[in-house]
Amino acid sequence: MRKAQAKKLPLAPDPKFNDKLVTRFVNNLMWEGKKSGAFTIFYDAIDKVAKQTNEDGYEIWKKALANVTPAVEVRSRRIGGATFQIPSEVRPDRKISLSIKWLIRYSRERNGRSMADKLANEIVAASKGEGAAFKKKEDTHRMAEANKAFAHFRV
């Protein structure tokens, strides 16, 4: 018998921008439960983005997140002994989750002195439609397009 789905805990909005999405981003950025450190990194990165672009860093971050958000993804499904990559639309909640995770992951892989520097550079790149996180979204879309023939297997 299946159990009930876990209740989602409501997120508190962040102190500076009063945005729940920022809190969600910081929760993914955080390591070893050090939330204040993660907030420091995030706010430093936003300040650096503002300095680099001479625009509002928060708006650039939102634009970057929107640019990295995928619309479709491929899911593996085993049919008749063969595994097919089946394209499917991404749930709204998962879209945000994926874009946040990709931005943070590819920021960590970048070259730079501090995490704030690396995150700032990735945010600027993603807002321009460049960078590794944006490339990941493009690759995901390309893979879904290539496997469009298997869309009729969709669950």
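Lys 101 is found in helix α4, which spans residues 92-109, where helices (H or I, at least four residues) and strands (E, at least two) are DSSP runs numbered from the N terminus. The model is a predicted one, in which local features need pLDDT of at least 70 and side-chain atom pairs count only at pLDDT 80 or more, while totals for chains, interfaces and linings use all residues. Residues are numbered from 1 along each chain as its sequence is written, and side-chain values use heavy atoms, with hydrogens and water left out.

With a relative accessible area of 44%, Lys 101 is partly exposed, a class that lies between buried, under 20% relative accessible area, and exposed, over 50% (1.4 Å probe, protein chains only). Its C-alpha atom is separated by 26 Å from that of Thr 83, although the two residues are 18 apart along the chain.

Taken as a whole, the chain has six helices and two strands, and from the N terminus on these elements run α-α-α-β-β-α-α-α. The C-alpha atoms fill a box of roughly 55 × 40 × 25 Å, taken along the principal axes, and buried residues make up 37% of the 155 residues in the chain. Among the contacts with a separation of 6 or more, residues 24 or more positions apart account for 61%, contact being defined as heavy atoms within 4.5 Å.

The largest nonpolar core has 31 residues, and those with the most contacts inside it are Val 22, Phe 25, Phe 42, Trp 61, Leu 103, Leu 119 and Ile 123; such a core is a set of buried Ala, Val, Leu, Ile, Met, Phe, Trp, Tyr and Cys residues joined through side-chain atoms within 4.5 Å. The elements that give two or more residues to this core are α1 (20-29), α2 (35-53), α3 (57-68), α4 and α5 (115-127), and the largest share, seven residues, comes from α2. Ile 123 can serve as a point of orientation here: leaving aside its neighbours within four places in sequence, Ile 123 is in contact with Val 49, Ile 60, Trp 61, Ala 64 and Leu 103.

Two helix pairs that involve α5 can be followed in detail. The axes of α2 and α5 come within 8 Å and cross at roughly 50°, the axes being lines fitted to C-alpha atoms, for helices over the stretch in contact, with angles that run from 0 to 180 degrees between N-to-C directions. That makes α2 oblique to α5, because angles under 35 degrees count as roughly parallel, over 145 as roughly antiparallel, 65 to 115 as roughly perpendicular and the rest as oblique. The crossing of α2 and α5 is right-handed, meaning that the near helix is turned clockwise from the far one by less than a right angle, whereas an anticlockwise turn would be left-handed. On the side of α2 the contact is made by Ile 41, Phe 42, Asp 44, Ala 45, Lys 48, Val 49, Gln 52 and Thr 53, and on the side of α5 by Met 115, Ala 116, Asp 117, Leu 119, Ala 120, Asn 121, Ile 123 and Val 124. These residues divide into ten nonpolar, three polar and three charged, where Ala, Val, Leu, Ile, Met, Phe, Trp, Tyr, Cys and Pro count as nonpolar, Asp, Glu, Lys and Arg as charged, and the others, Gly among them, as polar.

The axes of α3 and α5 likewise come within 8 Å and cross at roughly 65°, and the crossing of this pair is left-handed. Ile 60, Trp 61, Lys 63, Ala 64, Asn 67 and Val 68 of α3 make the contact with Ile 123, Ala 126 and Ser 127 of α5, a set that divides into six nonpolar, two polar and one charged.

Outside the helices, Asn 147 is found in the segment after α6 (131-146) and is buried, with a relative accessible area of 15%. Not counting residues up to four places away in sequence, Asn 147 touches Val 74, Gln 85 and Pro 87.

Two loop residues have positive phi values without being glycine. Phi of Glu 32 is near 55°; this residue is found in the loop between α1 and α2 and is exposed, with a relative accessible area of 76%. Phi of Asn 54 is near 60°, and Asn 54, found in the loop between α2 and α3, counts as exposed at 69% relative accessibility.
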